[in-house]
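The following exercises concern backbone geometry, sheet pairing and side-chain packing in one structure. Each task is followed by a worked solution.

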Amino acid sequence: MRLFAIADPHGNYSRIEALLKIAGDVDLILIAGDITNFGPDEKALELFEKFSQQILAVPGNCDNQSIIKVIEKSKATNLHKRSISIDSVRFIGMGGSNPTPFCTPFEIEECDFEDNVNSMLEEVKADEVLVTLTHTPPFGVLDMVGDTNVGCKALNIFLERADLMVCGHIHEARGVEKAGKTTIVNPGMAALGFAAVIDIEIQNNTPIINVQLIESDSEVI
């Protein structure tokens with residue numbers, strides 16, 4: 001399975017088509033939040049129309065909570081607080097962010113993150129590959145702002161359990177890190193022309209995750 005992953009387009013979709021050309025054939029689109037820049041919610045539809053593949057999306061803290069209704073009525077699948085299985089790969093999603101100093105529209109208390117994540121993990125079968133799609137990163141991984149970790153501690157339950165975590169939120173933390181068996185990917189800010197292509201292959205009953213960070217400075221207005 002080949003995934004095309006983006007995060008933080010913030011309403012600027014001008015580089016998406018160029019990134020798709022670089023990515024080539026992909027099976028599934030993952031969108032890790034901040035689809036708009038504080039709205040309007042319907043702006044997200046412009047992004048979804050750029051893809052012919054199945055789309056899994058979660059909102060970010062800079063999206064209004066009402067964007068969920070727009071996603072659910074669109075061609076995309078809302079993965080916020082949801083778990084679905086596609087070809088023996090289990091996708092778990094959690095949008096929004098843990099509290100920030102900026103009082104953004106979609107912030108969630110750590111305890112609520114924990115309750116939702118635990119309930120979704122109960123749906124994961126032993127033989128499934130587990131992929132999590134969140135906006136905020138887990139605490140201590142790709143979450144540095146200056147010299148401070150700002151990730152969500154409740155999401156650390158995924159570390160060692162998930163095979164792949166795709167997140168965003170921290171624009172300056174683009175990259176790939178490994179925590180035990182878990183590969184964590186921040187594709188970078190899509191508004192600036194960043195994305196990731198992620199291949200999942202099963203070898204001897206073990207998922208092999210390969211990540212390619214891609215970028216484009218070409219705009220389509």
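**Exercise 1. In which loop does S88 lie?**

The model is predicted, with pLDDT of at least 70 required for local features and 80 or more for side-chain atom pairs, while totals for chains, interfaces and linings use all residues. Residues are numbered from 1 along each chain as its sequence is written, and side-chain values use heavy atoms, with hydrogens and water left out.

Step 1. S88 lies in the loop between β5 (82-86) and β6 (89-94). Helices (H or I, at least four residues) and strands (E, at least two) are DSSP runs, numbered from the N terminus.

Step 2. The phi of S88 is positive, near 70 degrees, although the residue is not glycine. For comparison, most residues other than glycine have a negative phi, and most peptide bonds are trans.

Step 3. S88 counts as partly exposed because its relative accessibility is 48%. The cut-offs are under 20% relative accessible area for buried and over 50% for exposed, with partly exposed in between (1.4 Å probe, protein chains only).

**Exercise 2. Describe the backbone at H10 and at P40, and place both residues.**

Step 1. H10 is not a glycine, yet its phi is positive, at about 50 degrees. This residue belongs to the loop between β1 (2-6) and α1 (16-23). H10 counts as buried because its relative accessibility is 14%.

Step 2. The peptide bond between G39 and P40 is cis, with omega about -5 degrees. P40 is found in the loop between β2 (28-32) and α2 (44-48).

**Exercise 3. What is the order of the 6 strands in the open sheet?**

Step 1. The order is β5-β6-β7-β10-β12-β11, with mixed pairing. Two strands pair if DSSP finds at least two bridges between them.

Step 2. At the edges are β5 and β11 (175-179), each of which pairs on one side only. From one strand to the next, the twist averages 20 degrees. Axes are lines fitted to C-alpha atoms, for helices over the stretch in contact, and angles run from 0 to 180 degrees between N-to-C directions.

Step 3. Within this sheet, β7 (residues 129-134) and β10 (residues 164-166) run parallel and are joined by 3 bridges. V131 has L164 as its bridge partner in β10.

Step 4. Helix α4 (residues 110-121) lies across β5, β6 and β7, and runs at about 165 degrees to β6. Contact means heavy atoms within 4.5 Å.

**Exercise 4. Trace the pairing from β1 through β13 to β14.**

Step 1. Strand β1 pairs with β13 (residues 194-203) in the antiparallel sense, over 4 bridges. Opposite F4 stands V197 in β13.

Step 2. Strand β13 also pairs in the antiparallel sense with β14 (residues 206-215), over 10 bridges. I202 has P207 as its bridge partner in β14.

Step 3. The hairpin of β13 and β14 has 2 residues between the strands, and N204 takes a positive phi near 55 degrees.

**Exercise 5. Characterise the aromatic pair and the contact of a charge with a ring.**

Step 1. A pair of aromatic rings is described by the distance of the centres and the angle of the planes. Rings of Phe, Tyr and Trp (its six-membered ring) pair if their centres lie within 6.5 Å; planes under 30 degrees apart count as stacked, over 60 as edge-to-face and the rest as tilted.

Step 2. The count by this rule is 1 aromatic pair. F4 and F51 form this tilted pair, at 6.2 Å centre to centre and 55 degrees between the planes.

Step 3. F4 lies in strand β1 and F51 in the loop between α2 and β3 (54-58), so the pair ties together parts that are 47 residues apart in sequence. Both F4 and F51 are buried.

Step 4. The charged end of K153 sits over the ring of F139, 5.1 Å from the ring centre. The criterion is NZ of Lys or CZ of Arg within 6 Å of the ring centre and within 35 degrees of the ring normal.

**Exercise 6. Is D8 buried or exposed?**

Step 1. D8 is buried because its relative accessible area is 1%. Its place is in the loop between β1 and α1.

Step 2. Leaving aside residues up to four places away in sequence, D8 touches several residues, including G33, D34, H135 and H169.
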